Amino acid sequence: MKTVALDDFLTEGILIEKNFRKKVSEIEWNNYEDENVLVKGCSQAPIPTWAYLIITSKLTKYARKIYFGEARKAIEIYKK
C-alpha cells in the first residue's frame, strides 16, 4: 500500500493553501495507478477538510482503493 502523508504538504509546520496546491500539482498521480493508497490522517498541524478532498479527488482518477487514517486502523473511503 502506498501512502500520502499530509505532513509532506506543510510549509514551516503549517498548511498554506498556495503552497499546498503547488505541491499537489507537482505530484505524478499516475504513480498511484491501480494501487491501494492510504491518506495518512495524523499530522503535526491541523489539516482543513478541503485539503483531504483535493488529495482524494486526485487519487480517485488512479487508485484502486483509498483509505484514510493510520495503517493499523485504516477506513476505506473509495473503491474503484
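Start by selecting T11, which sits in the loop running between β1 (2-5) and α1 (17-26). Before you go further, keep in mind that what you have open is a predicted model.

**Stop 1: T11 and its loop**

Show T11 as sticks and switch on a surface. Is T11 buried or exposed? T11 counts as buried because its relative accessible area is 18%, and the cut-off for buried is under 20%. Now add N19 to the selection: the side chains of T11 and N19 make a polar contact at 3.2 Å. To get the rest of the surroundings, ignore anything within four places of T11 in sequence; what remains in contact with T11 is I16, N19 and K23.

**Stop 2: along α1**

Stay with the helix and pick out the charged side chains. How many salt bridges does the structure hold? There are two. As background, side chains of opposite charge can pair when their charged atoms come close.

Select R21 and E17 for one of them: their side chains meet in a salt bridge, with N to O at 2.9 Å. Why do these two line up along the helix? R21 and E17 are four residues apart in helix α1, so about one helical turn separates them. Colour by accessibility and R21 comes out partly exposed at 44% relative accessible area, while E17 is also partly exposed, at 38%.

Then select K22 and E26, which form a salt bridge with their closest N and O atoms 2.6 Å apart. Here too the spacing is four residues within helix α1, about one turn of the helix.

**Stop 3: the strands**

Hide the side chains and go to cartoon view. β1 pairs with strand β2 (residues 36-40) in the parallel sense, over four bridges. For a spot to zoom in on, take V4: its bridge partner in β2 is V39. Follow the chain from β1 through α1 to β2 and you have traced a right-handed β-α-β unit.

Next, move on to strand β3 (residues 65-69). β2 and β3 pair in the parallel sense as well, over five bridges. Select K40 here, and opposite it in β3 you'll find G69. The path again makes a right-handed β-α-β unit, this one built from β2, helix α2 (residues 49-59) and β3.

If you bring the side chains back along a strand, a general point helps with orientation: in a regular strand the side chains alternate between the two faces of the sheet.

**Stop 4: the rings**

Now show the aromatic side chains. How many aromatic pairs does the count come to? The count is four. Begin with F20 and W50, whose ring centres are 5.5 Å apart and whose planes meet at 80°, so this pair is edge-to-face. F20 belongs to helix α1 and W50 to helix α2, so the pair ties together parts that are 30 residues apart in sequence. On accessibility, F20 is buried at 0%, whereas W50 is partly exposed with 29%.

Shift the selection to Y52 and F68. This aromatic pair is edge-to-face, with 5.4 Å centre to centre and 80° between the planes. Y52 is in helix α2 and F68 is in strand β3, so the pair links distant parts of the chain, 16 residues apart. Y52 counts as buried at 18% relative accessibility, while F68 counts as partly exposed at 31%.

Before leaving the rings, add F9 to the view with F20 and W50: ring pairs link F9, F20 and W50 into a cluster.

**Stop 5: K80**

Last selection: K80, in the segment after β4 (75-79). Is K80 buried or exposed? K80 is exposed because its relative accessible area is 51%, and exposed means over 50%.

Put a distance label between the C-alpha atoms of K80 and R64. They are separated by 5.2 Å, with their positions 16 residues apart along the chain. Next, which backbone oxygen does the side chain of K80 reach? That of Y62, at 3.4 Å.

To finish, expand the selection around K80. Not counting residues up to four places away in sequence, K80 touches D34, T60, K61, Y62, A63 and R64.

Definitions and conventions. Residues are numbered from 1 along each chain as its sequence is written. This is a predicted model: local features need pLDDT of at least 70, side-chain atom pairs count only at pLDDT 80 or more; totals for chains, interfaces and linings use all residues. Side-chain values use heavy atoms; hydrogens and water are left out. Buried means under 20% relative accessible area, exposed over 50%, partly exposed in between (1.4 Å probe, protein chains only). A polar contact is a pair of N or O atoms within 3.5 Å; within protein, one must be able to donate a hydrogen and the other to accept it, and residues adjacent in sequence count only if both atoms are side-chain atoms. Contact means heavy atoms within 4.5 Å. Two strands pair if DSSP finds at least two bridges between them. A crossover is right-handed if, with the strands pointing away from the viewer, the path from the first strand over the helix to the second runs clockwise. A salt bridge is a side-chain nitrogen of Lys or Arg within 4 Å of a carboxyl oxygen of Asp or Glu. Rings of Phe, Tyr and Trp (its six-membered ring) pair if their centres lie within 6.5 Å; planes under 30 degrees apart count as stacked, over 60 as edge-to-face and the rest as tilted.
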